[in-house]
Each structure stands twice: as structure tokens, then as C-alpha cells.
Amino acid sequence: MTKPVNDGIELVWPNKDLELHASGSSSYVWVPSDDARLTMPPVRHDYTTSMYSSTSSALVIGDGLDALIALSATPLFADGIRVLYIDPPFNTQKTFNQYGDAMSRSMWLSMLRDRLAAVKPLLRDDASIWLHLDDSEVHRARMVLDEVFGEGAFVASVIWQKRQTRDSRAAFSSNHDTILVYAPSGPRSWKTSRNLLVKDEATLRNRDDDPRGPWADAPFTAPGFRKAQQYEIITPAGDVLRPPRGRSWYATEPTYKQLLDEDRIWFPKQGHGSPRLKLFAHQLRGLVPFTVWGSSDVGTNDDAKKHLLQLFPNSTVFDTPKPEELLERIIHIASNPGELVVDLFAGSGTTAAVAHKMRRRWVTVERNTQTVLDFTLPRLLAVVDGSDPGGISGQIAWAGGGSFAVTQVTPRFGTLTGVHRPRILESKLEAIRSTHTFTSPLSA
Ligand SMILES: C[S@@+](CC[C@H](N)C(=O)[O-])C[C@H]1O[C@@H](n2cnc3c(N)ncnc32)[C@H](O)[C@@H]1O
């Protein structure tokens with residue numbers, strides 16, 4: 001498939017030259033790329049009408065690769081993908097309530113590579129890819145990302161503190177996941193289009209009753225010796241100051257005088273201290289994100305489970321949900337309203353729920369029909385009708401709105417086990433069709 005591009009260094013695994021396709025409802029088969037069946041499109045079954053607009057969002061039931069093949073030429077993807085966030089099964093060799101997580105390593109690697117390779121031509125120039133994993137496969141996955149997108153596309157390895165409680169039985173109590181961030185345009189170019197984190201305005205204060213409101217302050221100095229920025233400043237208390245050794249004032253003297261006239265300079269220590277620049281909320285530059293994200297900022301797995309329990313008090317808990325605050329940060333950094341966010345491993349639907357609340361378009365794909373029925377679909381309906389007060393709803397005053405389409409793609413290799421599944425979906429959707437409009441564009 002993809003050629004080794006990284007100085008000829010590549011990860012090899014059995015059957016790497018074959019493609020891996022979904023077969024049935026939870027397994028995969030190796031397929032040579034000249035297999036005649038690959039020319040047949042996956043079968044699509046739409047539960048809603050008019051879904052293929054460049055302003056709509058979609059929940060797809062099926063395998064992520066089949067979904068991309070079946071839908072990539074529709075207007076849904078016409079504007080290109082701005083963010084791909086994927087949180088696949090980590091290959092922990094465990095069995096969770098909703099899905100098995102034990103694949104052979106080579107299958108897991110091909111599964112990942114084939115989906116990344118299928119996404120690649122659909123990405124916008126300013127796109128980014130966020131791959132969420134734990135230590136089971138992250139080091140191998142990074143080599144796969146290097147192979148598909150090139151080493152130069154690596155942006156960051158984000159550490160998310162996923163829990164605060166300690167597992168005293170383990171050799172080490174692992175409390176983090178890793179999110180690998182790649183941008184096909186490379187970090188220097190991507191940096192110019194990504195969003196900075198919003199500064200916490202709660203830290204602003206109004207120490208001089210400024211009628212313009214509270215402010216932050218920053219030193220009125222700059223590194224290095226600049227002749228035009230070396231002059232005397234007389235403080236309100238009468239002290240005569242020069243810039244500290246090896247530094248200059250932040251601006252030239254005329255600019256300083258103008259700032260002083262505008263009451264933008266603050267002298268601490270009752271007028272004896274060094275000048276500081278007053279910065280009002282609208283003047284604050286955002287923050288460049290750190291690579292370590294604490295749970296106090298973006299939540300834990302347990303926070304996400306509590307949110308789902310609030311929505312579905314009678315369901316078996318979904319084992320591996322991610323908190324909405326984590327997705328809020330990713331989507332904020334990597335996209336703007338109206339742009340397309342894609343998740344090929346929907347689970348309980350966190351990515352789509354947050355993207356919707358943040359007025360992005362989204363496409364999310366989940367292979368397990370029961371998970372869709374129990375979590376993804378009802379959760380997204382609750383987002384639309386404003387009956388989901390959890391996650392980021394309070395923070396952004398989400399009151400509902402918008403719509404989404406629902407479709408199913410069936411694999412070309414093997415048939416779906418449980419043909420009754422579409423009928424269950426049909427009847428469930430029929431019951432909610434009268435109260436929900438799936439056909440109008442995202443207009444919240
Ligand atoms: C780790 S969970 C995702 C959790 C999700 N981020 C959330 O917050 O709820 C992985 C999900 O991917 C689904 N899945 C596994 N293989 C898939 C495939 N080939 N295509 C689509 N979904 C798949 C599983 O059924 C499971 O629900």
C-alpha cells in the first residue's frame with residue numbers, strides 16, 4: 001500500500017501488504033488489493049432522507065472504512081475534513097461491556113493503517129488527526145502515522161490524565177492516555193490556522209477601578225538590547241528607572257507615553273515598582289496548549305461515565321467514554337464553527353455530541369448496532385432536543401437545536417449477523433421520527 005517514506009525505516013508485520021476489511025458485525029478479513037469484491041461498494045441503507053448535503057451531519061452504523069468508501073463522494077465530505085479524532089479499541093486484550101478489545105497485533109495495525117489511508121485524501125490542507133491510545137499500541141501506531149502522513153506531519157504527543165484514583169494492585173498505576181496529533185501540512189503551517197486556548201478571564205482583576213473593566217498585567221520589558229527602547233521612566237513615586245541589564249523596555253518612548261496617556265501602564269508597590277502593561281480581556285492573546293492535559297481541566301473517564309449514567313440511568317455503564325471537556329479542547333484547537341469533525345469509532349458518541357454543541361458539522365461511525373441503540377443515537381437525539389444538561393452544555397449554555405442524518409453501511413465481506421438489527425433500528429427511528437426532523441441542515 002503506502003510506500004516507506006521515513007529514510008526507509010518502517011515497521012513490518014505479517015500480511016502488511018494485504019488490506020483489512022470488516023467482515024460480519026465484529027470481525028475482519030485480509031483481502032489482497034486486487035480482490036474483485038473490492039470493486040463492489042458497501043451497501044447503504046438510509047434511515048433519513050436528504051442527508052447528503054454539505055451542511056449536514058451524519059451518524060453512520062457500520063465499519064469506519066466501509067463508511068468512508070460508501071460516503072466519501074457525497075456532499076457530506078465536499079468541503080473536506082478539518083479534524084479527525086479517533087479513539088479506537090486500544091488492543092488491551094480485554095473484553096469490555098460493549099466490545100471486545102483483543103485483536104492480533106498485525107490485524108490491529110492494518111486496521112489502523114487502512115482507515116488512516118482512506119481518510120487522507122479527504123482531509124483539508126489545514127486538517128489535523130488526533131489518535132487516542134494507551135500504552136498497548138501507541139509506539140507502533142506512531143510509526144504507522146509516520147508511514148501514512150510522513151514524519152514531518154508529527155505535531156505533538158498529548159498526555160491526558162484520565163484518572164485521579166490509584167490502582168494499588170498494579171506495578172505502576174497508569175493514569176494517562178496518549179493522543180498523537182498529526183497535521184499533513186506540518187506543525188509550522190498548521191500552527192497558523194489552529195486556535196489558541198482561551199485565557200481564563202477569572203484571573204483578571206481591577207486593581208485601579210479602571211472603568212474599562214478588569215485586566216491582567218505583563219512586564220513592560222523585552223529581551224535583548226534595543227537602542228530605541230533604552231530610556232528613563234519616572235514612576236508615580238518619583239523613582240527613575242532604566243530597563244534591567246540585558247533587556248529593553250517593551251516599546252519605544254513615544255509609544256510608552258501614548259500608553260501612559262491611555263492609562264495602560266500600571267506601577268505596582270504603591271507607585272515604586274517597575275512598569276507593567278495592562279491587558280484587558282479583548283487584548284489577551286490566547287495560550288499555546290501544553291502537551292500535558294490535567295483532569296482538572298478536561299475531566300476523567302469517570303466524569304464521562306457519570307455523564308452517561310445521568311443520561312441513561314438504567315443502562316449498563318459504557319466502559320470507555322471520553323469526557324466532553326477533552327473533546328471540547330481538541331475541537332476548539334483544531335476547528336471553527338461549520339467545519340467537519342469526523343470520528344470513525346463513535347462509541348457513546350462523545351465527539352459528535354461535542355461537535356454538535358460547538359456548531360461544527362460531524363460524521364461519526366459506530367460498528368456495534370447495540371451501542372448505537374443504547375447510547376450513540378439516543379445521546380445525539382438528547383443533544384438535538386436540548387435534554388442533555390451534562391458535559392459542556394452548561395458551560396456553553398447549550399439549549400438544543402440542529403439535526404443529523406442516520407444511515408447504515410453493510411460490509412462487502414460476509415453479511416451482517418442478526419438481520420433483525422436494521423428492523424430494530426427502523427422501529428426505533430420510526431418512533432422518534434414524529435418528534436425529530438433529521439432532514440434540515442445544522443442550524444443551531
Ligand atoms: C474506545 S470506544 C470509543 C469511545 C468514544 N470515544 C466515547 O467517548 O464514547 C471504541 C468504539 O469503536 C467501536 N468500533 C470498533 N471497531 C470499529 C470499526 N471497525 N468501525 C467502527 N466502530 C468500531 C467499538 O464498538 C467501540 O464502541
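This is a short talk on the strands and the ligand site of one structure.

Okay, so keep in mind that what we're looking at is a predicted model.

Let me start with strand β8, residues 123–133. Is β8 buried or exposed, on the whole? Nine of its 11 residues come out as buried, so the rest of the structure largely encloses this strand. Now the partners. β8 pairs with β5, residues 81–86, in the parallel sense, and there are five bridges between them. If you want a spot to click on, V83 sits opposite S128 of β8. Then there's β10, residues 176–182, which is joined to β8 by five bridges too, but here the strands run antiparallel. For that pair, look at H132, which stands opposite I179 in β10.

Next up, another sheet to look at. This one is open, three strands in the order β11-β17-β16, with antiparallel pairing. The edges are β11 (215–219) and β16 (265–266); each has a single partner strand, so one side of each has no neighbour in the sheet. Between β11 and β17, residues 276–280, you'll find five bridges, antiparallel again. One place to see that is W215, whose bridge partner in β17 is F280.

Last thing, the ligand. How many residues surround it? There are 21, and the closest are F345, G347, S348, T350 and R367. And what is that shell made of, by class? Eight residues are nonpolar, eight are polar and five are charged.

That's my tour, thanks.

Definitions and conventions: Residues numbered from 1 in each chain as written. Predicted model: local features only at pLDDT ≥ 70, side-chain atom pairs only at ≥ 80, totals over all residues. Near = placed C-beta within 6 Å. Nonpolar A, V, L, I, M, F, W, Y, C, P; charged D, E, K, R; others polar. Pairing = 2+ DSSP bridges. Helix = DSSP H or I, 4+ residues; strand = E, 2+ residues; numbered from the N terminus. Buried ≥ 20, exposed ≤ 12 C-beta atoms within 10 Å, placed from the backbone.
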